[in-house]
Amino acid sequence: SVPARCKQLGYYTAMSATLVDLLSGFAAGINVTLVGHPFETIKVRLQTQPSPPNQVYNGFIDCVRKTVQWEGAAGLYKGVASPLMGQLFFRSAMFWTNGAFIRWASNNGARRLTYLEYALGGSITWATCTLIECPLQLSSSQLQVQIVKQKINPAYVPEFRGIADYVRIAPKTYGLRAFYTGIGPQLLRNSCGGFFHFGAFEYLRREYAKRNGVPVTQVGIAVNMAAGSVGGLLFWLLTYPFDVIKSAIQGDSLDPRHPDRRYHGGIDAARRLWAEGGAARFTRGLSACLLRSVPANAVLLTTAMTVKEVGYARLGVKS
């Protein structure tokens with residue numbers, strides 16, 4: 001049982017390992033937000049703008065250029081307060097969940113996990129953390145989409161002036177929809193993507209360690225970053241259509257009775273998006289996403305793993 005295994009490890013060591021997991025996610029959350037948010041801004045704006053001929057941006061470069069032109073460089077970090085604060089909790093929860101799963105499944109390091117088990121752990125980790133991530137991405141999307149609406153219609157009055165305004169107004173007005181609109185496609189994206197995200201990362205770095213005859217803790221930053229990049233690319237390449245559906249729903253009006261409301265659930269959104277542009281509609285913003293995924297996931301997983309390995313080594317816990 002879980003309590004028995006914690007007792008075997010030692011209560012103090014178990015709690016210390018948990019603290020290391022939380023700190024690893026905290027550090028990773030800061031780094032991944034600083035690296036990845038500008039790409040996320042561009043991705044969301046490309047995904048949620050109207051289809052031709054009424055589009056605001058003509059691709060990734062044009063979106064970057066217009067964002068900087070209209071809002072300055074700070075526009076690339078529009079809505080960053082919510083992701084930055086949220087990422088600290090989201091990534092801490094992510095790496096705590098993953099660490100707890102690995103300790104439980106390996107009987108506190110007494111048994112070596114298979115690569116499939118690492119991948120399943122990643123799926124469980126990402127699915128669990130969807131409960132934290134969904135409100136963060138929903139609030140960020142709502143703020144991002146307001147910029148696009150203002151460019152289309154200069155008379156448009158934004159509903160929220162910033163994240164503080166969203167937190168103050170949205171829950172009172174929309175209830176749970178202010179937190180969990182779009183959670184269905186987001187859960188599908190995360191549970192499927194998490195399998196390959198952690199699975200590829202652990203497979204690549206552990207295979208490298210095995211073939212070079214070194215402990216996995218000594219593969220080096222370059223190997224961890226390369227493995228993290230591959231894990232991130234697989235996450236997004238294999239789940240991107242779910243993300244397009246999620247972004248469309250989360251960028252829509254939160255009021256189901258609003259005359260401008262376009263989508264009524266994930267299936268309806270998928271059908272309408274397909275009618276707009278076929279399969280190509282589900283790749284809008286993919287270039288920004290893939291450009292982001294390489295540095296962001298390299299930094300995310302390498303930061304977390306470095307903190308974990310240093311902390312675990314001091315505690316005598318196997319990585």
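**Close-ups of a helical chain and its N107/N108 loop**

**View 1. N107 sits in the loop that links α4 (81–105) to α5 (115–152).** This is a predicted model. Have a look at the backbone here: N107 isn't a glycine, yet its phi is positive, at about 55 degrees. With a relative accessible area of 25%, N107 is partly exposed, because that label covers values from 20% to 50%.

**View 2. N108 is also found in the loop between α4 and α5.** Its phi is positive too, near 60 degrees, and N108 is another residue other than glycine. For some background, most residues other than glycine have a negative phi. N108 comes out at 22% relative accessibility, so it counts as partly exposed.

**View 3. Zooming out, the chain has 11 helices and zero strands.** Follow the sequence and you just get α after α: α-α-α-α-α-α-α-α-α-α-α. The C-alpha trace spans about 65 × 40 × 35 Å along its principal axes. The radius of gyration is 21 Å, which agrees with the value near 20 Å for a compact globule of 319 residues.

**View 4. Inside the chain, buried residues account for 52% of the 319.** As for who touches whom, take the contacts between residues at least 6 apart in sequence: 77% of them join residues at least 24 apart.

**View 5. On the outside, the chain exposes about 14700 Å².** Carbon and sulfur atoms supply 66% of that area. Charge-wise, there are 34 positive and 17 negative side chains. The centres of those two sets lie 4 Å apart.

Conventions. Residues are numbered from 1 along each chain as its sequence is written. This is a predicted model: local features need pLDDT of at least 70, side-chain atom pairs count only at pLDDT 80 or more; totals for chains, interfaces and linings use all residues. Side-chain values use heavy atoms; hydrogens and water are left out. Helices (H or I, at least four residues) and strands (E, at least two) are DSSP runs, numbered from the N terminus. The radius of gyration is taken over C-alpha atoms; the globule rule is 2.2 Å times the number of residues to the power 0.38. Buried means under 20% relative accessible area, exposed over 50%, partly exposed in between (1.4 Å probe, protein chains only). Contact means heavy atoms within 4.5 Å. Accessible areas come from the Shrake-Rupley method with a 1.4 Å probe; for residues, only the protein chains shown count as cover. Lys and Arg count as positive and Asp and Glu as negative; His and the chain ends are not counted. The place of a charge is taken as NZ of Lys, CZ of Arg, CG of Asp or CD of Glu.
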